[in-house]
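Visitor: Could you take me on a close look at one part of this model, and tell me how the terms you use are defined along the way?

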Amino acid sequence: WLEVNGGSSGAVHITNIEGFGLGLVARRPIEKMQIVASVPKQLCLSLESALLSECVRQLPPLLVDTLGDSVVGVALAAELNAGCSSSISPWLQMLPSCEDLPLLWEQRILDGLLGGLDLYERLVAMREEVAWEFEQIEDALGDDLPFSRDDYWRASALLLSRAYSIEDRLTLPPLIDFANHCDKL
């Protein structure tokens, strides 16, 4: 899908990494500053592409401005809900279900594992923001809402955990969002 749409990934591939799920792995040794993959801008989910989404275009302009980069989560939720009919479905099908992301943990788990930590307070604030965003989106779209609350929370968790800042905007680049690194392997 990536290569058919103008990208390349000859030096890397996505594979299952025991205990971690899918990740980006080198096919061969990689030299410093070597380009290992390229993803055309038009395949990335960004504010620019989200603004073209049918779902986002139905939102009031003031709400779109208020949501800022979270509009990418709106577009992602709509694409995830579209399933196989989404033009980016091959990528979407590889994304994790997100049960392991702290934004989606049950409150009792957050309290038990992170209670008293600065991270806990940040997560509580993020959860409140995502809940508020969904309420605003649901109010604005009513019966035309193309995704559920759970879909939006999953999309928000994916956005917060996998996006990169490109040109000062959150951007989800296919393939690259599976990247991490370990110098010892």
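Guide: Happily! Let's start at Gly83, which takes a positive phi of about 65 degrees just after helix 4. Helices here are DSSP runs of H or I with at least four residues, strands are runs of E with at least two, and both are numbered from the N terminus. Please keep in mind that this is a predicted model, in which local features need pLDDT of at least 70 and side-chain atom pairs count only at pLDDT 80 or more, while totals for chains, interfaces and linings use all residues. Residues are numbered from 1 along each chain as its sequence is written, and side-chain values use heavy atoms, leaving out hydrogens and water.

Stepping back into helix 4 itself, residues 71–82, we find that 9 of its 12 residues are buried, so the helix is mostly covered. Buried means under 20% relative accessible area, exposed means over 50%, and partly exposed lies in between (1.4 Å probe, protein chains only). Among the buried residues are Val71, Val72, Val74, Leu76 and Leu80. How far apart are the end C-alpha atoms of helix 4? They are 17 Å apart, which agrees with the 16 Å that 12 residues should span at 1.5 Å a residue. That expected span is 1.5 Å times one less than the number of residues.

Now follow the chain past Gly83 to Ser89, which belongs to helix 5 (residues 89–92). Is Ser89 buried or exposed? Ser89 counts as buried because its relative accessibility is 8%. If we set aside neighbours within four places in sequence, Ser89 is in contact (heavy atoms within 4.5 Å) with Gly83 and Cys84. So our starting glycine comes back as a partner of Ser89. Looking back along the chain, Glu79 is 10 residues from Ser89 in sequence, and their C-alpha atoms are 7.8 Å apart in space.

To put the pieces together: the positive phi of Gly83 comes just after helix 4, Gly83 is in contact with Ser89, and Ser89 sits in helix 5. With the structure in front of you, try selecting Gly83, Cys84 and Ser89 together to see these contacts.
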